[in-house]
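Me: Please take a close look at one part of this structure, and work outwards from a single pair of residues. Give the cut-offs as you go.

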Amino acid sequence: MNNDSSSRIVLRLKEWIAAAAPGARVPSTRQLVAEYQASPVTVQKALRTLTAQGLIESRPGVGTFVRAYRTARPVDYGWQTAALGALQAPRLTNTAAMRNASNDVIAFHSGYPARDLLPERLVRSALTRAARGEAALSRPPVAGLPELQSWFAQELSTSTPVGVTPPRPGDVVVLPGSQSGLSSIFRGLVGHGQPLLVESPSYWGALLAAAQAGVRVVPVPSGPDGPDPAQLSRAFEETGARMFYAQPNFANPTGAQWSVGRGEEVLDVVRAYGAFLVEDDWAHDFGITAPSVPVAAKDDSGHVLYIRSLTKSVSPSIRVAAVIARGPARERILTAQAAESMYVSGLLQAAALDVVTQPGWQTHLRGVSAQLQSRRDLLATSLSEHIPEAHLTHLPKGGLNLWLRLPDGVDAERLTKDCEAAGVLIAAGSEWFPAEPEGPYVRLNYAGPNPGAFPEGVRIIGAALKRQR
């Protein structure tokens, strides 16, 4: 009876609201009880229903009123079609790597490590101290806090060999994340319509940043050992490009790491063409069986633009990175960055610096390395057991991902959807190719949550693959 009475009251009040003026006072609960011969509980349930539907609003201590805007009228945005013109860059689609996942799925899709791989205690303490300091209320220098600039410069200096001039703190520009730095570099140093050489496959965010900057991307094939220097040289020669974007250490998505010799060969090619190498060292803190060895450590003539991020290793909420650049290129990057974001939050800079200078930071990284190795090996073993027909290109020495080649003829996009329907999230490899994919691939993140579910997740992927074939 209460349910029937509540529905009856809702229908009658909707009729009253439709005829009432916006902001009109709704009769009190006592009045409605008397009018509809219903209990106070039934009346309150009806009012809650109307509130949830956005028809009325309650003002504590004042009363209940008809909402000023009760229905959403269709809005015509047609004028924007003429104002904006044709789409000049691809839309930011819901890329698999950035999707949120519920707790009841097995997640291999993300580009970030799980929360239990983050230095949570160090981050919380650092944020508390930063909030109490000057950084919480003052504007930092445009290029970044001097102490943080010094830390980034000093870290790269530890890898700089004898005979090479190490970077200075003044060569550092602090960024609100490496993605922002890529956008500034492509806009400020390449320019609209100009060619940019990019490893293929490569980080999808770099491809998006290049597209938004109007840069013409030219793919250069790259394997487990990096790009072929001869092919890179030919690409420079044929296109007239003056920049090459690459990830020499634990590349996303393949996990590839250049040898020291390959890095020197690539650097020789870049120098020969008077060009820049944009070195994205996003996974510097995620070495497993090998450390990250920056190519930038071998260059003091300004050919390497070195991007170092703390976002993934410290916290995704502390978006702090840096680019180390020498000469006029640094000033152009700084100008482009200032036009986009003015400066990076001093609070976040102070917190990031606090974390990486704590004694517990290195201890944490050693623990993360051991956990990543365990998760990587578990996922690789599960793949060989449940999907023997797929090919693991190589076992990476660091990073967060495995790059899996599927059998010819497999539709990776369809496989992704089928797996999602079964409760497993994976990322189709097509997002990482600047041109047509060379084959069907998926990227699997072994740093995700609940590694105990990895074997079951791989079994589900294998079953979906068998159904498709």
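Reply: Phenylalanine 244 stands opposite leucine 277 in β9. This is a predicted model, in which local features need pLDDT of at least 70 and side-chain atom pairs count only at pLDDT 80 or more, while totals for chains, interfaces and linings use all residues. Residues are numbered from 1 along each chain as its sequence is written, and side-chain values use heavy atoms, leaving out hydrogens and water.

Helices (H or I, at least four residues) and strands (E, at least two) are DSSP runs, numbered from the N terminus. β8 and β9 pair in the parallel sense, over four bridges; two strands count as paired if DSSP finds at least two bridges between them. Five of the six residues in β9 are buried, so the rest of the structure largely encloses this strand. Buried here means under 20% relative accessible area, exposed means over 50%, and partly exposed lies in between (1.4 Å probe, protein chains only).

Helix α10 belongs to the same picture, since β8 (243–246) and β9 (276–281) are among the elements that cover its buried residues. The cover also includes β7 (226–227), α9 (229–239) and β10 (304–309), judged by contact, that is, heavy atoms within 4.5 Å. The helix has 13 residues (260–272), which at 1.5 Å a residue should span 18 Å, and its end C-alpha atoms are indeed 18 Å apart. The expected span is 1.5 Å times one less than the number of residues. Arg262, Gly263, Val266, Leu267, Val269 and Val270 are the buried residues of α10. They take up an arc of only 160° around the axis, which places them on the same side of α10; the arc is that of the directions from the helix axis to the C-beta atoms. An α-helix has 3.6 residues a turn, so residues three or four places apart point the same way. Just after α10, glycine 274 has a positive phi of about 55°.

Phe244 also appears in the largest nonpolar core, which has 47 residues; Phe244, Leu197, Leu232, Phe236 and Val314 touch the most other members. Such a core is a set of buried Ala, Val, Leu, Ile, Met, Phe, Trp, Tyr and Cys residues joined through side-chain atoms within 4.5 Å. Apart from neighbours within four places in sequence, valine 314 is in contact with Leu118, Pro119, Val123, Val355, Val356 and Trp361. A second, separate core has 37 residues, including Phe286, Ala380, Leu400 and Leu402.

β10, part of the cover over α10, also takes part in a salt bridge. Glutamate 155 bridges to arginine 308, with the closest N and O atoms 2.7 Å apart; a salt bridge is a side-chain nitrogen of Lys or Arg within 4 Å of a carboxyl oxygen of Asp or Glu. This pair links distant parts of the chain: glutamate 155 is in helix α6 (residues 146–157) and arginine 308 in strand β10, 153 residues apart. Glutamate 155 and arginine 308 are both buried. The whole structure has 18 salt bridges.
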